Amino acid sequence: MHSPISSRRPSERRLSERRPSGVARKDSIDPARLIRMDKVGHVGGGGDFNVVFIGAGNIMFGSDEGPWNHSFRFEHKLGPRLKVVALIDPAIERAQAVLQKKCDSFVVSAYKDTRIFKSLDEFVKGMTAKERPHAIVIGSPPMFRGSTKPGRDVELQVLKHFPGVAMFIEKPIATGKEEGIPDAFVVAKSIQDSGVVCSVGYMLRYLKAVQMMKQIIIDNDLTVMATVARYACAYEAIAKPDWWDKSISCGPIVEQGTHFCDLSRYFGGEVDIDSVVAHSLEWDEKAGHLSKMSIDESKIAPENRIPRITSATWKYDSGAVGSFTHAVALQGTNYSCELEVFADGYSLKLVNPYVQPILYIRRPGDDYEETHRFPDDDPFFSEVSNWIDVIEDIEDIDPEGGLILSTFEDACKTYEFTWAIRRASELSIKKKDQNAKPSTHA
């Protein structure tokens, strides 16, 4: 005989019956459970699954710059149950354009009744009972979230107006001033105390290759000795002026390199923030000249132009060491990224995680490197799929089903870490400038 909880439609379960968002059974998933999107059936259930999209930009609806497109993954996960009840974006014309494309496609049933609003407040005032969401996806620019300040506190507004409604929040959790980091942790505590299901979009944690690395470490009871990360972006394809202005985007470490800083933490553990040391190659140094920029950098104030190279080292609380080099150096469209994890007898090297991940493994007793390829792996889908499974309480039926690998609090620690790298690199510039000043002594 089924219990009253399991016989109830999953999305109707009381908040007190859910596992809190800050509590995870474990921090890894069996890689065999990460199944390609085209091999996964739609989530069962008889009712509509109402979703609100906050943000009508590239992360939500896709672009030529990369594989991100949350709406596409939701359509495949939820199938005909998906009903996007609201699209919230102050850029009404852009929202209308992306919505029209959806209505002209085979997924029209998910969008035919979608209403566009300029703000969350406007939606709250105009929402009908039938439009109450089961989940809210926050893909607005990071400068408008992750804070307690009015206008940048979308998470707190969701908690206020939609208690118990699950949230998916894009990374990084904010791109404000460094002084705002404690504020982000206040938001994290509010989310955790509320008990809502919340996931942050550090999708690389959901790669099959990454979970295979985790499995090897766990199965062999290994202690990570070092992490070595490298991220070289194809700057020629980056045509958003805001990305090149660190007063808006906070710079490439905070905005882009955050994925690899997060993966480094995922394997190495907590970072000793005080140990972070970094150096940078700046735009006005001879080696920092770029010949194929897609934007006019002269329109950006000199003090706000981004570094071309940032290289950092640090210690983990465990005693292990970490390093990360971010390069704004490549042309064309493909990035060059890799992360290597060392443990006693083992080298686990992840290459090209964004497109066609390859994992090279060297084990004790053999100098030969195994090569594992993961064609068509889609971590964007896996993170959305796991989040929805948790919302739908799939773990009641399958204890291994549905696991969130990045909580808001954990994402705040990555945000703090990226800011520590930026701060350390800027401090090294100041020291260099001070040392270059001519002596005033006779």
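Which residues does serine 249 touch, not counting residues up to four places away in sequence? In this predicted model, the list reads Thr175, Asp242, Trp243 and Glu255. Serine 249 belongs to helix α10, which covers residues 246–249. With a relative accessibility of 6%, serine 249 falls in the buried class. One of the residues it touches, aspartate 242, also turns up in the polar contacts: the side chain of serine 249 reaches the backbone oxygen of aspartate 242 at 3.4 Å. Isoleucine 306 sits 57 residues away from serine 249 in sequence, yet the two C-alpha atoms are 9.6 Å apart in space.

Zooming out, the protein chain has 442 residues, and 52% of them count as buried. Its secondary structure adds up to 14 helices and 14 strands. Take the contacts between residues at least 6 apart in sequence: 77% of these join residues at least 24 apart. The chain exposes about 20200 Å², with carbon and sulfur atoms supplying 53% of that area.

Next comes the sheet. Six strands line up in the order β3-β2-β1-β4-β5-β6, giving an open sheet with parallel pairing. The edges are taken by β3 (115–117) and β6 (198–200); each has a single partner strand, so one side of each lacks a neighbour in the sheet. On average, and ignoring direction, neighbouring strands are turned by 20° against each other. Helix α4 (residues 92–103) packs on this sheet, where it touches β2 (82–88) and β3, and its direction makes about 160° with that of β3. Elsewhere in the sheet, β4 (residues 135–138) and β5 (residues 166–169) run parallel and are joined by four bridges. Valine 137, for instance, has phenylalanine 168 in β5 as its bridge partner.

Back to the helices, starting with α12, which spans residues 258–268. Eleven of its eleven residues are buried, so the rest of the structure largely encloses this helix. The buried set mixes quite a few residue types, including Asp262 and Arg265 alongside Phe260, Leu263 and Phe267. His259, Cys261 and Tyr266 are also among them. Just past the end of α12, glycine 269 adopts a positive phi of about 95°.

Helix α3 (residues 70–78) holds a buried residue too, namely glutamate 75. Glutamate 75 counts as buried because its relative accessibility is 10%, under the 20% cut-off. Its side chain makes a polar contact with the side chain of tyrosine 111, at 2.6 Å.

That leaves the cysteines. A disulfide is a covalent bond between the sulfur atoms of two cysteines. Here the disulfide count comes to zero, with sulfur atoms required to lie within 2.5 Å of each other. Cysteine 233 shows how the rule plays out: the closest cysteine sulfur belongs to cysteine 337 and is 8.4 Å away, so the gap is too far for a bond. Cysteine 233 is buried as well, at a relative accessible area of 0%. Cysteine 250 likewise counts as buried, because its relative accessibility is 4%.

Methods: Residues are numbered from 1 along each chain as its sequence is written. This is a predicted model: local features need pLDDT of at least 70, side-chain atom pairs count only at pLDDT 80 or more; totals for chains, interfaces and linings use all residues. Side-chain values use heavy atoms; hydrogens and water are left out. Helices (H or I, at least four residues) and strands (E, at least two) are DSSP runs, numbered from the N terminus. Buried means under 20% relative accessible area, exposed over 50%, partly exposed in between (1.4 Å probe, protein chains only). A polar contact is a pair of N or O atoms within 3.5 Å; within protein, one must be able to donate a hydrogen and the other to accept it, and residues adjacent in sequence count only if both atoms are side-chain atoms. Two strands pair if DSSP finds at least two bridges between them. Axes are lines fitted to C-alpha atoms, for helices over the stretch in contact, and angles run from 0 to 180 degrees between N-to-C directions. Contact means heavy atoms within 4.5 Å. Accessible areas come from the Shrake-Rupley method with a 1.4 Å probe; for residues, only the protein chains shown count as cover.
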